[in-house]
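Here's a quick walk through one chain, from a couple of odd backbone spots to a helix pair and the cysteines. Have a look at the model first.

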Amino acid sequence: MDFSQARINYNNEFRGKEVLPKSLCTVDGTFVENISIKDVNGNPNEEYYKWEFIYSLISSGKIPSRDYIGAEIYFPKGNIHSAPIKIDSVIFSDIAWIDYYRNYRANPKDVVSLKKVRELAIGVIEYKRNDKSIEQVFSSQIRASIKEPENPFVLGIYYDTGRLFLFKKIKDEITRFDNSLSFPNSQKILEQYQLEITDPYYSIPSLDNIVKILRNPSKNDRSSMHIEDLDIVYTIQDDNMKNALNSIMRVLDSVSLSNEEGYMILIQLIAMKIYDEKQRQDHGGTLKFYINDDEYYTGTLNKREVQNFVERMKNLYKEAKIYYSNILGDNNIKWEREKHVKVANEIVKQFQDYSFVRSSNNDLYQLIFYNFATKFQKDEKGQFLTPLPIIDFIVKIVNPKAGETICDPCCGIADFLSKSYINADMKLDDCQLYGFDNDYNMTVLAQLNMLLNGDGNAVIKYMPEYGSITQKLTTDKKVALLDNAIHSSGEWNKWYDETELMEYDVILTNPPFGKNRSLDLSNSHDVEVAKLYELYDRYTETNPKAGLDKGVVFLENAIRQIKEGGRFAIVLSNAIMSNNTWAFARDWVMEKIRVVALFDLPENVFAETGVNTTILVGYKPSKERLQKLVSDDYSVFTRDIHKVGYKKKPSQRTVKFDNDYKLNPDTFETITNDQGESILDEDFSQIIKEFKEWCINQEIELKKLFLE
């Protein structure tokens with residue numbers, strides 16, 4: 001049972017009661033009875049929420065039993081002769097605490113017992129009911145309470161009517177438990193600890209996790225580490241992870257490997273780490289992706305310990321290559337080169353304590369791609385990464401499912417494919433996912449993406465030069481080059497041999513588009529490419545200008561490659577969907593597919609472009625069925641999207657997207673859901689709900705495609 005369900009169970013049992021018959025743990029060392037949990041008006045009081053939290057901790061297994069927690073724990077304030085300080089609840093690492101505590105309470109001069117209580121205390125909890133001043137509570141109570149235990153790591157919890165705030169004390173420094181919410185250089189407490197943002201319930205660490213931190217703070221010898229010993233990455237904003245990334249970048253810079261050579265070393269080592277973790281998760285045993293303190297390169301490769309590291313990495317590479325040949329086919333790590341070993345040392349050092357397999361898919365996705373994919377990008381190819389909330393929205397609208405073939409013809413890092421896999425509850429077969437790109441580096445990242453989110457067997461193809469505009473995948477998984485002599489004007493299925501092109505159930509794509517990303521019709525090579533498309537013919541009939549927007553080309557590309565009965569979503573410039581220049585393209589679309597939905601996105605939602613964009617969603621019925629739908633004047637679902645749940649923020653090395661949360665207008669704190677998670681300020685969730693309700697009243701084909 002998770003913490004959220006435990007809260008529900010507690011409320012189902014006690015919401016209608018005035019009294020808790022018996023305390024769920026000891027109160028100042030003893031069990032008490034008949035605890036009032038309602039105020040004079042019959043509403044839940046602070047006691048109600050205290051026992052709600054304790055009940056949920058125990059029932060969810062965050063602590064093994066009631067024996068590990070006590071309520072109303074007293075410590076002497078300052079010294080043993082001072083008036084005591086009362087902490088609402090304390091979590092202990094050993095059940096022996098209760099005996100020491102009772103000894104101390106019976107004899108306040110028993111300093112030995114008091115010291116043992118402080119040593120066993122590893123978490124403190126304070127409770128309130130609808131207290132609007134979290135800043136005051138933090139300053140007056142939490143800061144004081146968290147200093148009482150004598151441990152190098154102490155968890156601090158503040159729980160107020162369902163709102164959860166987690167803190168930690170490491171030595172004498174107090175920060176938020178999630179480092180991304182700590183800004184130690186700020187002078188204002190509210191900003192320093194981001195006290196307007198709550199923590200989700202799932203981020204409450206278990207007793208075992210806290211004890212593991214206490215017992216293994218240094219990790220000097222990692223040769224006996226298991227996957228369970230690794231830390232989970234809860235958020236890409238974590239300071240520890242940001243520092244790790246910066247350290248890797250500095251070392252790459254220092255040896256002149258901030259280039260394709262260095263990034264390929266990085267990608268291959270990440271693939272090796274993922275393999276190592278998956279093997280240990282499936283078969284047990286100790287991890288091999290680590291480096292001990294005596295194994296670092298310090299000026300010579302001839303040191304025995306350095307070669308121990310090199311040989312361990314070589315063996316790991318050989319094993320992983322069998323499974324991940326797409327990424328590890330060519331060994332980019334030259335172990336006889338000192339700078340390669342130095343870089344490998346740093347990458348392994350920075351990543352060895354984090355679990356890539358057990359962490360959140362979304363966070364690892366952003367960790368790798370939003371920090372490193374931009375190093376591979378080439379501006380002249382018009383590449384830019386699609387923010388995850390937009391990808392997730394499109395995938396949930398189009399609804400890819402098990403058994404379907406899914407394609408992104410200009411896949412970049414394959415984010416649409418990985419999200420489709422996740423959306424289908426991991427039931428999609430990787431070999432039914434197809435992605436193509438004209439940049440080899442992007443295809444390597446795409447393979448790594450699918451390795452993180454699937455089994456790494458997605459069909460990712462490097463298609464140079466014009467990419468999937470001129471090259472298509474055949475049913476036997478080979479790449480065929482279109483020939484203008486026989487394939488002009490969209491006649492792509494005309495072959496004189498046994499070649500048969502793939503068609504897909506679903507196409508999801510965000511292609512390059514805009515004035516600077518056009519086929520140049522004054523260039524003979526671009527003209528030959530454009531002639532492969534029927535929309536080129538219509539363009540030259542009506543708009544004989546110098547450039548044909550690649551967005552129009554990819555629009556035809558997508559529609560031609562979906563099966564009859566297949567569906568698609570494509571991100572296009574708003575100009576293609578509204579300007580008179582491109583009216584011929586919209587007419588063509590209406591002749592070929594049933595338009596299902598149009599979503600206008602706000603400007604400036606992508607990292608490297610300020611172009612206004614529209615998401616076009618449709619499916620391809622038979623010609624006869626489409627004519628019938630047109631004659632029936634079918635309806636189209638349209639919405640303007642204003643809030644996307646993130647803000648674009650320039651960073652030192654890349655553009656990142658910071659979450660944008662809904663705020664309570666009275667307290668300016670984030671609004672939370674039933675899981676205790678802060679709710680993003682976005683329109684996507686409501687629009688998805690409205691879209692699905694709209695689908696219910698549409699034709700049977702549409703309902704099956706988008707709802708089932």
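In which loop is the place of Lys 477? Lys 477 sits in the loop between β15 (471-473) and β16 (479-481). Keep in mind that this is a predicted model.

**Backbone oddities**

Most residues other than glycine have a negative phi. Lys 477 goes the other way, with a positive phi near 70 degrees. Asp 633 isn't a glycine either, yet its phi is positive at about 55 degrees. Here are the two side by side:

| Residue | Phi | Loop | Relative accessibility |
|---|---|---|---|
| Lys 477 | near 70 degrees | between β15 (471-473) and β16 (479-481) | 33%, partly exposed |
| Asp 633 | about 55 degrees | between α23 (623-631) and β23 (637-640) | 66%, exposed |

Asp 633 counts as exposed because its relative accessible area of 66% is over the 50% cut-off. Lys 477, at 33%, counts as partly exposed.

**A helix crossing**

Two packed helices are described by the angle between their axes and the distance between the axes. For helix α9 (residues 260-283) and helix α10 (residues 304-323), the axes come within 9 Å and cross at roughly 80 degrees. That makes α9 roughly perpendicular to α10.

Who meets whom? On the α9 side, the contact uses Gln 268, Leu 269, Met 272, Tyr 275, Asp 276 and Gln 279. On the α10 side, you'll find Met 313, Leu 316, Tyr 317, Glu 319, Ala 320 and Tyr 323. Sorted by class, the contact of α9 with α10 has eight nonpolar, two polar and two charged residues.

**Cysteines**

How many disulfides does the count come to? Zero. Take Cys 407: the closest cysteine sulfur, in Cys 411, is 8.4 Å from its own sulfur, so that pair is too far apart for a bond. A disulfide would need the two sulfur atoms within 2.5 Å. Cys 407 is buried, with a relative accessible area of 0%, whereas Cys 431 is partly exposed at 36%.

**The whole chain**

Zooming out, the chain holds 25 helices and 25 strands. It has 708 residues, and 55% of them count as buried. Among contacts with a separation of 6 or more, 70% join residues 24 or more positions apart. As for the surface, the chain exposes about 30700 Å², with carbon and sulfur atoms supplying 45% of that area.

Conventions: Residues are numbered from 1 along each chain as its sequence is written. This is a predicted model: local features need pLDDT of at least 70, side-chain atom pairs count only at pLDDT 80 or more; totals for chains, interfaces and linings use all residues. Side-chain values use heavy atoms; hydrogens and water are left out. Axes are lines fitted to C-alpha atoms, for helices over the stretch in contact, and angles run from 0 to 180 degrees between N-to-C directions. Helices (H or I, at least four residues) and strands (E, at least two) are DSSP runs, numbered from the N terminus. Angles under 35 degrees count as roughly parallel, over 145 as roughly antiparallel, 65 to 115 as roughly perpendicular and the rest as oblique. Contact means heavy atoms within 4.5 Å. Ala, Val, Leu, Ile, Met, Phe, Trp, Tyr, Cys and Pro count as nonpolar, Asp, Glu, Lys and Arg as charged, and the others, Gly among them, as polar. Buried means under 20% relative accessible area, exposed over 50%, partly exposed in between (1.4 Å probe, protein chains only). Accessible areas come from the Shrake-Rupley method with a 1.4 Å probe; for residues, only the protein chains shown count as cover.
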